[in-house]
Protein chains: 2
Amino acid sequence: MDTRQLKTLLAIRSHGTFAQAADLVGLTPSAVSQQVHALEEELRVTIFDRTKRPPRITPDGLQVIEMAEDILRRAEDAKASLRGDQIAGTLMLGSVRSSALNLLPRAMVQMRGRYPDLKPSLRVSLSSTLIADVAGGRLDAAIVAEHLGIPSTLRWSPFLREPLWLIVPRSMEASDPIELLNTRPYIRFRSAVPLANLIDTELSRLGVVTNDVAEIDTIGSIVTGVRQGLGISVVPHVALQEPEDLNIMRLTFGVPQVTRQIGIVERTAAPRAEIIALLHAVLADLCGDYGVVRPIRS
Amino acid sequence: MDTRQLKTLLAIRSHGTFAQAADLVGLTPSAVSQQVHALEEELRVTIFDRTKRPPRITPDGLQVIEMAEDILRRAEDAKASLRGDQIAGTLMLGSVRSSALNLLPRAMVQMRGRYPDLKPSLRVSLSSTLIADVAGGRLDAAIVAEHLGIPSTLRWSPFLREPLWLIVPRSMEASDPIELLNTRPYIRFRSAVPLANLIDTELSRLGVVTNDVAEIDTIGSIVTGVRQGLGISVVPHVALQEPEDLNIMRLTFGVPQVTRQIGIVERTAAPRAEIIALLHAVLADLCGDYGVVRPIRS
DNA sequence: TTATTTGATTTAGCAAAACTGGATCTGATT
DNA sequence: AATCAGATCCAGTTTTGCTAAATCAAATAA
């Protein structure tokens with residue numbers, strides 16, 4: 001099995017036909033056909049269904065393509081790392097909006113001191129897009145919350161682990177959290193982000209039935225709503241950072257108290273691992289008490 | 001870059017000399033030398049230091065070897081998966097002692113129902129050994145706690161996330177957890193396992209100075225010690241499962257309450273992914289309230 | 001349906017690569 | 001210094017992989 005065969009295979013996948021792929025990799029269609037046959041022979045599997053005319057990829061073929069992507073990416077990463085690309089150049093970063101506004105700018109300043117030749121570039125987007133971009137090599141790393149369905153070629157490591165609080169206006173008399181959730185007006189955080197899902201999951205696990213008075217899609221507005229006595233809600237710790245708000249009481253949320261994590265996704269065996277490790281350390285440091293230092297890689 | 005070159009490289013590494021490696025892969029020493037040169041040419045790197053006579057592997061060479069291992073393993077996994085090995089055969093499992101005694105036997109019974117042809121084999125060992133065995137392909141998966149330094153070719157996914165409790169004899173008057181830890185006799189859990197480290201880390205993060213009266217290396221004995229009024233300690237939730245112990249009070253430990261996780265390690269792109277996913281679901285289910293369902297793989 | 005077009009495959013010939021065997025060279029060992 | 005083990009170089013040979021042109025098969029148009 002040769003990497004050229006694998007490259008050819010990916011060329012076929014992206015250009016649909018053997019002939020165009022041949023052009024792309026600088027060979028004749030004949031050679032492409034032969035390479036595919038050799039691969040099929042070696043793996044003892046039919047990659048293409050040739051009864052269709054642009055040959056269709058079989059389910060087995062998809063598995064082979066997945067392998068090809070992994071292997072080629074691994075080889076590319078190794079090459080880049082051996083060339084010593086890691087010190088200079090552009091570090092392609094992505095981030096979800098919330099972290100991009102608070103943490104990242106400060107982290108980047110610190111990084112600048114350590115690697116002056118590094119030009120960081122930042123793209124802000126949704127976590128699913130970011131994850132796909134990291135997997136595809138278009139980003140070196142991205143900052144996203146704990147997320148369902150991170151591909152196995154990626155590694156996510158948290159730098160922040162913070163608790164979620166049930167917040168209630170101080171005007172409301174104290175009581176058991178479950179009791180409060182069942183009886184008081186509740187401001188729901190309605191959004192497509194993982195945090196919303198995390199909160200809803202715990203609510204249903206606790207078996208409470210909330211009495212929704214509002215649905216809001218930004219955490220900041222929810223805090224404001226609670227402060228003004230509109231109702232109670234659940235928010236992550238960072239949302240309460242500011243001048244200790246005297247009109248809000250916080251109670252632990254969940255059993256055990258629910259925490260949410262924010263971390264960095266990167267490709268395993270990423271060539272810039274060292275820089276990303278530093279970025280991780282810087283971010284964890286900036287997060288203070290709730291920062292999470294990263295396991296030593298082996 | 002051809003897999004045969006990579007295989008040759010690994011043969012050299014394990015047999016020290018080019019000549020023996022040549023024998024192993026069924027070629028002449030000359031061919032081996034040429035393959036290595038071709039690799040070095042393609043990657044533009046010197047893999048061996050030839051001023052030493054059995055040529056010594058250079059630091060760059062080590063990186064190349066790491067890549068070779070990853071790539072060959074990935075290729076092997078793909079082949080095995082395509083051959084359809086996943087349904088029958090032996091599932092090589094490993095586990096740390098604690099889980100092996102409680103959870104695994106029950107999980108295996110349930111697995112038996114689903115895959116009757118599957119013969120599970122179980123090895124009990126320390127987590128670091130288990131992780132190395134999974135990485136080396138000697139185990140399909142292993143059950144270990146959250147662990148520092150899991151290699152990037154492996155994936156660890158938790159099926160249990162349980163809180164840690166500060167436990168005190170009921171005879172002791174109630175007080176603030178920090179206060180208790182600072183003033184009462186403390187039974188230290190002294191062991192090489194991650195759990196001990198997790199507890200100690202949080203203790204020092206809280207800034208408490210414990211007053212140790214005992215060092216014990218099994219959780220069960222610690223609970224007994226607390227029950228008899230010897231001192232206070234910190235244990236995971238499972239340790240308190242049994243008949244609700246009236247002589248023990250539990251208080252939340254850590255800010256936010258510390259949780260420890262137990263999960264399955266497996267190789268990314270493992271050929272038995274489907275079975276392991278089921279095992280994960282079964283284990284999460286057995287863990288009841290603190291079970292963690294696994295993210296959907298993509 | 002038939003004709004046409006597009007695109008994969010087959011085959012033969014050729015070029016490049018990879019391998020072998022033996023000679024040669026170089027650290028390591030005594 | 002002599003010897004040994006083992007890597008490398010080189011010439012010749014085998015194998016592999018490529019091209020080009022002919023052939024074949026599915027899709028599309030008439």
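**Reading two DNA strands and their helices**

α3(B) gives the most to the surface near DNA strand D, with five residues.

Student: Before we go on, what kind of model is this, and how are its parts numbered?

Tutor: This is a predicted model, in which local features need pLDDT of at least 70 and side-chain atom pairs count only at pLDDT 80 or more, while totals for chains, interfaces and linings use all residues. Residues are numbered from 1 along each chain as its sequence is written, chains are lettered from A and ligands numbered from 1 in the order in which they are written, and side-chain values use heavy atoms, with hydrogens and water left out.

Student: Which residues come nearest to DNA strand D?

Tutor: A residue is near a strand if one of its heavy atoms lies within 4 Å of it. There are 22 residues around DNA strand D, and A:T28, B:F18, B:S33, B:R50 and B:R53 come nearest. Of the strand D atoms that come within 4 Å of the protein, sugar and phosphate account for 69%.

Student: And which helices supply that surface near DNA strand D?

Tutor: Helices (H or I, at least four residues) and strands (E, at least two) are DSSP runs, numbered from the N terminus. Here α3 (29-43) of chain A, along with α2 (18-25) and α3 (29-43) of chain B, each supply at least two residues.

Student: How does the surface near DNA strand D divide by class?

Tutor: Ala, Val, Leu, Ile, Met, Phe, Trp, Tyr, Cys and Pro count as nonpolar, Asp, Glu, Lys and Arg as charged, and the others, Gly among them, as polar. The surface near strand D has six nonpolar, eleven polar and five charged residues.

Student: What polar contacts does DNA strand D have with B:R50, B:A19 and A:Q34?

Tutor: A polar contact is a pair of N or O atoms within 3.5 Å; within protein, one must be able to donate a hydrogen and the other to accept it, and residues adjacent in sequence count only if both atoms are side-chain atoms. An N or O atom in the side chain of B:R50 is 2.3 Å from a phosphate oxygen of strand D. For B:A19, a polar backbone atom is 2.8 Å from a phosphate oxygen of strand D. A:Q34 has a polar side-chain atom 3.3 Å from a base oxygen of strand D.

Student: Let's turn to the other strand. Which residues come nearest to DNA strand C?

Tutor: Of the 21 residues around DNA strand C, those that come nearest are A:F18, A:S33, A:R50, A:R53 and B:T28. Sugar or phosphate holds 68% of the strand C atoms within 4 Å of the protein, and the rest belong to bases. The surface near strand C takes its largest share, five residues, from α3(A). By class, that surface divides into six nonpolar, ten polar and five charged residues.

Student: Where do A:A19, A:S30 and B:Q35 meet DNA strand C?

Tutor: A polar backbone atom of A:A19 is 2.8 Å from a phosphate oxygen of strand C. The side chain of A:S30 has an N or O atom 3.2 Å from a base oxygen of strand C. From chain B, a polar side-chain atom of B:Q35 lies 3.2 Å from a phosphate oxygen of strand C.

Student: Now the helices themselves. How is a pair of packed helices described?

Tutor: Two packed helices are described by the angle between their axes and the distance between the axes. Axes are lines fitted to C-alpha atoms, for helices over the stretch in contact, and angles run from 0 to 180 degrees between N-to-C directions. In chain A, the axes of α1 (residues 3-15) and α2 (residues 18-25) come within 8 Å and cross at roughly 125 degrees.

Student: Why are α1(A) and α2(A) called oblique?

Tutor: Angles under 35 degrees count as roughly parallel, over 145 as roughly antiparallel, 65 to 115 as roughly perpendicular and the rest as oblique. The two helices are therefore oblique to each other. Contact means heavy atoms within 4.5 Å, and A:T8, A:A11, A:I12 and A:H15 in α1(A) meet A:F18, A:Q20, A:A21, A:L24 and A:V25 in α2(A). That contact has six nonpolar, three polar and no charged residues.

Student: At what angle do α2(A) and α3(A) pack?

Tutor: Their angle is about 100 degrees, with the axes 8 Å apart. That makes α2(A) roughly perpendicular to α3(A).
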